[in-house]
Amino acid sequence: MATFVCINDLSSHVDEALNPKLFIEKRVSGDQITGLFFYSDSVNELFNVDRSNLWIEYAKSVNIPIYACRNSLVSRNISDQINPFIKIVGLGQLIEGVVTSEKTLVIGKL
């Protein structure tokens, strides 16, 4: 099953999210992940170089794109400090991911 993952906030999952592979696969076991969309407070994960590198390594290992919400980055003044591997996009990408996937997993509160 194709699953799009929208990550809103990881503050209540800090210890779990130290290993993105285990964190995501625990929630979407067996599904094909079509993308990871970082939204709201979760974009802070991508600002931290060490944390960002873990997410990028995971995404590269399973060949899935990472998206970061442009407005979430701009409102935190970190849009120019994100690794170029991560695609900075608008909410249209979130909508496309939801519509084109069979399932959407939302992690964290809005």
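Which backbone nitrogen does a side-chain oxygen of Asn-19 reach at the start of H1? In this predicted model, the partner is the backbone nitrogen of Lys-21, and a side-chain oxygen of Asn-19 comes to within 3.1 Å of that atom. This contact opens a helix that spans residues 20-27, and H1 is a convenient place from which to begin a walk through the structure.

Within H1, the residues Pro-20, Phe-23 and Ile-24 are buried. When the helix is viewed down its axis, these buried residues fall within an arc of 85°, so they line one face of H1. The general geometry of helices helps here, because an α-helix has 3.6 residues a turn, so that residues three or four places apart point the same way. The buried residues of H1 pack against several other elements, namely strand S1 (2-7), strand S2 (32-38), helix H3 (49-62) and strand S5 (103-107). On the other side of H1, by contrast, Leu-22 and Lys-26 are exposed.

H1 also holds a salt bridge, in which the side chains of Glu-25 and Lys-21 meet at 3.1 Å, N to O. Lys-21 thus appears twice in this account, with its backbone nitrogen approached by Asn-19 and its side chain paired with Glu-25. Because Glu-25 and Lys-21 are 4 residues apart in H1, about one helical turn separates them. Both belong to the partly exposed class, Glu-25 with a relative accessible area of 30% and Lys-21 with one of 40%.

A search of the whole structure finds 4 salt bridges, and two further examples are described here. Side chains of opposite charge can pair when their charged atoms come close. In one of these, the side chains of Arg-76 and Asp-41 meet at 2.7 Å, N to O. Arg-76 lies in the loop between helix H4 (70-75) and strand S4 (87-89), whereas Asp-41 lies in the loop between S2 and helix H2 (44-47), so the pair ties together parts that are 35 residues apart in sequence. Arg-76 is partly exposed, at a relative accessible area of 26%, and Asp-41 likewise counts as partly exposed, at 37% relative accessibility.

The side chains of Glu-45 and Arg-51 form another salt bridge, again given as 2.7 Å, N to O. Here the partners are covered: Glu-45 counts as buried at 15% relative accessibility, and Arg-51 counts as buried at 12%. Both values fall under the 20% cut-off that defines a buried residue.

The two loops joined by Arg-76 and Asp-41 also contain residues with notable backbone angles. Ser-40, in the loop between S2 and H2, has a phi near 55°, which is a positive value in a residue other than glycine. Asn-77, in the loop between H4 and S4, has a phi near 60°, also positive in a residue other than glycine. Their surroundings contrast, since Ser-40 counts as buried at 16% relative accessibility, while Asn-77 is exposed, with a relative accessible area of 62%.

The last stop is on the surface, where Ile-95, Val-98 and Val-99 make a nonpolar patch of about 280 Å². Of these residues, Val-99 is found in helix H5, which covers residues 91-100, and Val-99 is exposed, with a relative accessible area of 63%.

Definitions and conventions: Residues are numbered from 1 along each chain as its sequence is written. This is a predicted model: local features need pLDDT of at least 70, side-chain atom pairs count only at pLDDT 80 or more; totals for chains, interfaces and linings use all residues. Side-chain values use heavy atoms; hydrogens and water are left out. Patches are made of residues with over 30% relative accessible area and no salt bridge: like charges are joined within 9 Å, nonpolar side chains (Val, Leu, Ile, Met, Phe, Trp, Tyr) within 5 Å. Accessible areas come from the Shrake-Rupley method with a 1.4 Å probe; for residues, only the protein chains shown count as cover. Buried means under 20% relative accessible area, exposed over 50%, partly exposed in between (1.4 Å probe, protein chains only). The arc is that of the directions from the helix axis to the C-beta atoms. Contact means heavy atoms within 4.5 Å. A polar contact is a pair of N or O atoms within 3.5 Å; within protein, one must be able to donate a hydrogen and the other to accept it, and residues adjacent in sequence count only if both atoms are side-chain atoms.
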